[in-house]
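Me: Could you take me on a close look at the ligand site in this model, and then step back to the rest of the chain? I would enjoy a connected walk-through.

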Amino acid sequence: MQMERLQKVIANYGYTSRRKAEELIKKKKVMVNGKIITELGVKVDTNDIISIDGVIINKDIKHEYYILNKPREVISSVTDENGRITVTDLINTEARIYPIGRLDYDTTGLILLTNDGDFANVLMHPSYEIEKTYIAKINKILSKEDINKIKKGIKVENRAVDVKKLKIKKIDKEKNSMIVEVTIVEGRNHIIKKLFKELGVEVLKLSRIGYGFLDVKDLKSGEYRKLTIKEIKKLFALAKK
Ligand code: URA
């Protein structure tokens, strides 16, 4: 491993976020090879022993990778100050895992979790265009014009959303609602809801059913499994393209 900034390496080991690692360094809580570090510029590699509050953090750290079918009313974070159930509460592990990206509190479906910071960074990098597929129930029957607008690229906060696929799954004329499948390659928060809002349409229900080649067909709501080595390698390999 090449030399990297200490705060980045601490985050990559899954101990805490980069920002919190910076705070710990400033508070003189971090030691490298037994020496207290006080500035943020220090670079380390995997041979350096890092300890925080006297506890070594990079000895025998095993990376874990999970795929979860998130239920509604579960928050995509590690902790919640309002005491709501988080995605990490649903997974039985001692590892300090966290979700890769977010699904809204009321969105269900596929979410990945890990304690491997490199893996998370790679998957979340904007240049890494992994396809994410959503099923959305919306409160309007889209017109041809609406569909063309979506395909052309509707701007959300000054940037067009690149919709790779849009499939009509069901039309309910009585209820004036529609179920659509939308595939996008970006990860901005609330992006599907914001995209439809630009057309004056509300998303009534949202579920992520696909993430690259992964799906959650084998997982009931709230169930999870470890990713296989093959899947992890395939995701890393995709990233290098
Ligand atoms: N887009 C949204 O609006 N919400 C999600 O949870 C995911 C994508």
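Reply: Happy to. One thing to keep in mind from the start is that this is a predicted model. A good way in is a backbone contact: an N or O atom in the backbone of Lys193 sits 3.0 Å from an oxygen atom of the ligand. Taken alone, the ligand would expose 240 Å², and 97% of that is buried by the protein.

Two further contacts involve ligand oxygen. A polar backbone atom of His190 is 3.1 Å from an oxygen atom of the ligand. Thr107 takes part through its side chain, where an N or O atom is 2.9 Å from a ligand oxygen.

Around these contacts, the full shell consists of Leu103, Asp104, Thr107, Tyr134, His190, Ile191, Ile192, Lys193 and Leu206. Sorted by class, that gives 5 nonpolar, 2 polar and 2 charged residues. Helix α5, which covers residues 191–197, supplies the largest share of the shell, with 3 residues. Where does this place the ligand with respect to the domains? Both domain 2 (65–127 + 214–239) and domain 3 (132–211) give residues to the shell, so the ligand lies between them.

From here we can look at a few residues elsewhere, beginning with Lys140. Its place is the loop that links β10 (132–138) to α4 (144–152). With a relative accessible area of 28%, Lys140 is partly exposed, because that value falls between the 20% limit for buried and the 50% limit for exposed. Apart from neighbours within four places in sequence, Lys140 contacts Asp146, Asn176, Ser177, Met178 and Val201. For a sense of scale, Lys140 and Gly34 are separated by 106 residues in sequence and by 62 Å in space, C-alpha to C-alpha.

Asn12 makes a useful contrast. It belongs to helix α1 (residues 6–12). Its relative accessibility is 8%, so Asn12 counts as buried, the limit being under 20%. The side chain of Asn12 makes a polar contact of 3.4 Å with the side chain of Asn121. Leaving out neighbours within four places in sequence, the contacts of Asn12 also include Glu4, His63, Asn115, Asp116, Gly117 and Asp118.

Next come two backbone details. Most residues other than glycine have a negative phi. Glu73, however, has a positive phi near 60° without being a glycine. This residue is in the loop between β7 (65–70) and β8 (98–99), and Glu73 is exposed at 52% relative accessible area. Glu157 is another non-glycine residue with a positive phi, here about 45°. Its loop runs between β11 (155–156) and β12 (159–160), and Glu157 is exposed as well, with a relative accessible area of 57%.

Finally, here is the chain as a whole. The secondary structure comprises 6 helices and 17 strands. The C-alpha trace spans about 70 × 35 × 35 Å along its principal axes. Of the 241 residues in the protein chain, 43% are buried. Among contacts between residues at least 6 apart in sequence, 62% join residues at least 24 apart. The accessible surface of the chain is about 14,100 Å², with 48% of it belonging to carbon and sulfur atoms.

Conventions
Residues numbered from 1 in each chain as written. Predicted model: local features only at pLDDT ≥ 70, side-chain atom pairs only at ≥ 80, totals over all residues. Heavy atoms only, no water. Near = heavy atom within 4 Å. Polar contact = N/O pair within 3.5 Å; in protein donor to acceptor, adjacent residues only side chain to side chain. Areas by Shrake-Rupley, 256 points an atom, 1.4 Å probe, with all protein chains shown as cover. Helix = DSSP H or I, 4+ residues; strand = E, 2+ residues; numbered from the N terminus. Nonpolar A, V, L, I, M, F, W, Y, C, P; charged D, E, K, R; others polar. Domains from an automatic or database assignment. Buried < 20%, exposed > 50% of the residue type's maximum accessible area, 1.4 Å probe, protein only. Contact = heavy atoms within 4.5 Å.
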